[in-house]
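Trainee: Could you take me through one part of this model closely, and then show me how its surroundings are held by side-chain contacts? I would like one connected account that I can follow with the structure open.

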Amino acid sequence: LDERDHHLAGDYKHGLYVQCRVLASSGGAKGTLEVSLRESRIEGDLDDDDHPEEKQIVQAYVVSTTRKGCFLRLSRFVEGRTILKELSDSFLPDPASMFPPGRLVVGKVKKVQTSNNNSKKKGKSRITIDLDMRESVLLDDQNKLAFEDIKQGEKYRGIVTRIESYGVFVRLENSQVSGLVHLSECSDEYVKNLASLYDPGDLV
């Protein structure tokens, strides 16, 4: 998905009719097709995404989580991984439940590796990056947002830190400023259970 399509991530269900663009095919008559649902691809932008650089802050989708860490996908040719101790500053009793497949996460690039060995896409290089997802690392060497910098009516990104029956607590990105989103402001639709809509760690 493109960044503007993130809100659609939960809308895809089995049997849903969608528009897509074919990116590649393999295996002859009984082969497989690689397709994209990204709006930018459907509109004709077929250029490869730029690969990340060291120390860059990037977004990725969780592919799977094990006791050793998290495996991620950034784009068509870019995969990522984060070791267990670099998933969070705090202890995670159950990493798999905190980082389920499909979750959007943010991390800082530690290392970039390029390899042609496992790529079958007409010579395209596979890129594997090592990410550190700890908040202390993400905020390192950045100008943190202070309370007095926050303007009424402006839009900000944040991370869900806690969910209660009356609302959701959100910490603004690149800051130590947290706020309560009251139940009445969490959705335009009626929400019976906020825990079914949000999880700790969600980007909002």
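**A loop and its surroundings**

Mentor: Happy to. Let us begin at alanine 146, which sits in the loop between α3 (135–138) and β8 (158–164). Please keep in mind that this is a predicted model. Alanine 146 has a relative accessibility of 23%, so it counts as partly exposed. Leucine 172 is 26 residues away from alanine 146 in sequence, yet their C-alpha atoms are 9.9 Å apart in space.

Staying with that loop between α3 and β8, you will also find arginine 157 there. Its side chain meets that of glutamate 173 in a salt bridge, at 3.3 Å from N to O. Glutamate 173 belongs to the loop between β9 (167–172) and β10, so this pair ties together parts that are 16 residues apart in sequence. How accessible are the two partners, arginine 157 and glutamate 173? Arginine 157 is partly exposed because its relative accessibility is 35%, and glutamate 173 is likewise partly exposed, at 31%.

Now for the rings. The count of aromatic pairs comes to one. The partners are tyrosine 166 and phenylalanine 169: their ring centres are 6.4 Å apart and their planes stand at 85 degrees, so the pair is edge-to-face. The angle decides this, because planes over 60 degrees apart count as edge-to-face. Tyrosine 166 is partly exposed, with 39% relative accessibility, whereas phenylalanine 169 is buried at 18%. Phenylalanine 169 has a further partner: arginine 162 lies over the face of its ring, 4.1 Å from the ring centre.

Salt bridges deserve a wider look. The whole structure contains ten of them. One joins aspartate 202 to arginine 103, with the closest N and O atoms 3.1 Å apart. This pair links distant parts of the chain, 99 residues apart: aspartate 202 is in the segment after β10 (178–182), and arginine 103 is in the loop between α2 (95–98) and β6. Both aspartate 202 and arginine 103 are buried. Together with Asp199, these two residues form a network of salt bridges.

Another bridge connects the side chains of aspartate 132 and arginine 134, at 2.7 Å from N to O. Here aspartate 132 is buried, with a relative accessible area of 4%, while arginine 134 is partly exposed at 24%.

Next, the nonpolar side. The largest nonpolar core has 15 residues, and those with the most contacts inside it are Leu72, Phe99, Val105, Ile129 and Leu131. The elements giving two or more residues to this core are β3 (57–65), β4 (69–73), β6 (104–115) and β7 (126–132). Take leucine 72 as a place to zoom in: beyond its neighbours within four places in sequence, its contacts include Val62, Val63, Val105, Leu131 and Met133. Polar and charged residues touch leucine 72 as well, among them Glu79, Arg81 and Thr82. A second, separate core has seven residues, including Val160, Cys186, Val191 and Leu194.

Finally, have a look at glutamate 34, in strand β2 (residues 32–36). Its side chain makes a polar contact of 2.9 Å with the side chain of arginine 76. The C-alpha atoms of glutamate 34 and valine 22 are separated by 6.0 Å, although the two residues are twelve apart along the chain.

Methods
Residues are numbered from 1 along each chain as its sequence is written. This is a predicted model: local features need pLDDT of at least 70, side-chain atom pairs count only at pLDDT 80 or more; totals for chains, interfaces and linings use all residues. Side-chain values use heavy atoms; hydrogens and water are left out. Helices (H or I, at least four residues) and strands (E, at least two) are DSSP runs, numbered from the N terminus. Buried means under 20% relative accessible area, exposed over 50%, partly exposed in between (1.4 Å probe, protein chains only). A nonpolar core is a set of buried Ala, Val, Leu, Ile, Met, Phe, Trp, Tyr and Cys residues joined through side-chain atoms within 4.5 Å. Contact means heavy atoms within 4.5 Å. Rings of Phe, Tyr and Trp (its six-membered ring) pair if their centres lie within 6.5 Å; planes under 30 degrees apart count as stacked, over 60 as edge-to-face and the rest as tilted. A charge sits over a ring if NZ of Lys or CZ of Arg is within 6 Å of the ring centre and within 35 degrees of the ring normal. A polar contact is a pair of N or O atoms within 3.5 Å; within protein, one must be able to donate a hydrogen and the other to accept it, and residues adjacent in sequence count only if both atoms are side-chain atoms. A salt bridge is a side-chain nitrogen of Lys or Arg within 4 Å of a carboxyl oxygen of Asp or Glu.
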